[in-house]
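Biologist: I am new to this structure and should be grateful for a close look at a single part of it. Please begin with any term that I need, and then describe how that part is placed among its neighbours.

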Amino acid sequence: MRYLVVSDCHYDRDILVKLRDYYRGKVDAMFYCGDSELASDDELWQDFAVVTGNCDYDPGYDKVVEYRHGDDRILMTHGHLYQVNFGLNHLEELAHEKGANLVFFGHTHQLGVQKLNGVIYLNPGSISYPRGAYASLQGTYAIVDTSDQAIDVTYHTRDFAPVAKLQAHFLKADCNK
């Protein structure tokens, strides 16, 4: 399976349209981790699984989305409700409760991926307002490829270019099943 994971566009709808149009038919699912500031009934969301962020005031969004396909048990939330600015402890509890092996979240505007207790936690960074060590990339998103043996993550810039130094490889045997 191949997934597009993006977050925190903050009214930059055009970049989401570009990503959707570029990846339509090239990925199995598209995930948006919140803070679009768009209406929950925007036609764009027909192509994305989407959650609410702390800057999304439309009550039509879900707080958490679960997605399952084969061995992939994905949990997505924005992160603000789980205090991700202070660590992943609360998100870990939710992942354990829901039986997730992949967790997608945003909120911090800082990209990162790590495995904790057999679960992979991925923040795609902000597509429009990045922070942290990779802010100079001017916005990122992630492509996640899963197979029976592995989970591979590659970060990309707004112009669809992969960032060679921002890749991760995890063996599925080391992840919760």
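Modeller: An angle between two elements is taken between their N-to-C directions and runs from 0 to 180 degrees, with each axis a line fitted to C-alpha atoms. The model is predicted. With that in mind, helix 1, residues 13-23, runs at about 175 degrees to strand 1 (2-6). Helix 1 lies across strand 1 and also across strand 2, strand 9 (140-146) and strand 10 (150-157).

These four strands belong to an open sheet of 6 strands, whose order is 3-2-1-9-10-11 and whose pairing is mixed. Strand 3 (49-50) and strand 11 (162-171) form the edges, each pairing on one side only. Strands of a sheet pair through backbone hydrogen bonds, either parallel or antiparallel. At the strand 3 edge, strand 2 (residues 29-32) pairs with strand 3 in the parallel sense over 2 bridges. There, Y32 stands opposite V50 of strand 3.

Elsewhere in the model, strand 5 (residues 72-77) offers a second view of pairing. Strand 4 (residues 64-69) runs antiparallel to strand 5 and is joined to it by 6 bridges; R68 stands opposite R73. The two strands form a hairpin with 2 residues between them, and G70 in the turn has a positive phi of about 55 degrees. Strand 5 also runs parallel to strand 6 (residues 102-104), with 3 bridges between them, and L75 stands opposite V103. Because 6 of the 6 residues of strand 5 are buried, strand 5 is largely enclosed by the rest of the structure. Both of its faces are covered: D72, I74 and M76 on one side, R73, L75 and T77 on the other.

Definitions and conventions
Residues are numbered from 1 along each chain as its sequence is written. This is a predicted model: local features need pLDDT of at least 70, side-chain atom pairs count only at pLDDT 80 or more; totals for chains, interfaces and linings use all residues. Side-chain values use heavy atoms; hydrogens and water are left out. Two strands pair if DSSP finds at least two bridges between them. Contact means heavy atoms within 4.5 Å. Buried means under 20% relative accessible area, exposed over 50%, partly exposed in between (1.4 Å probe, protein chains only).
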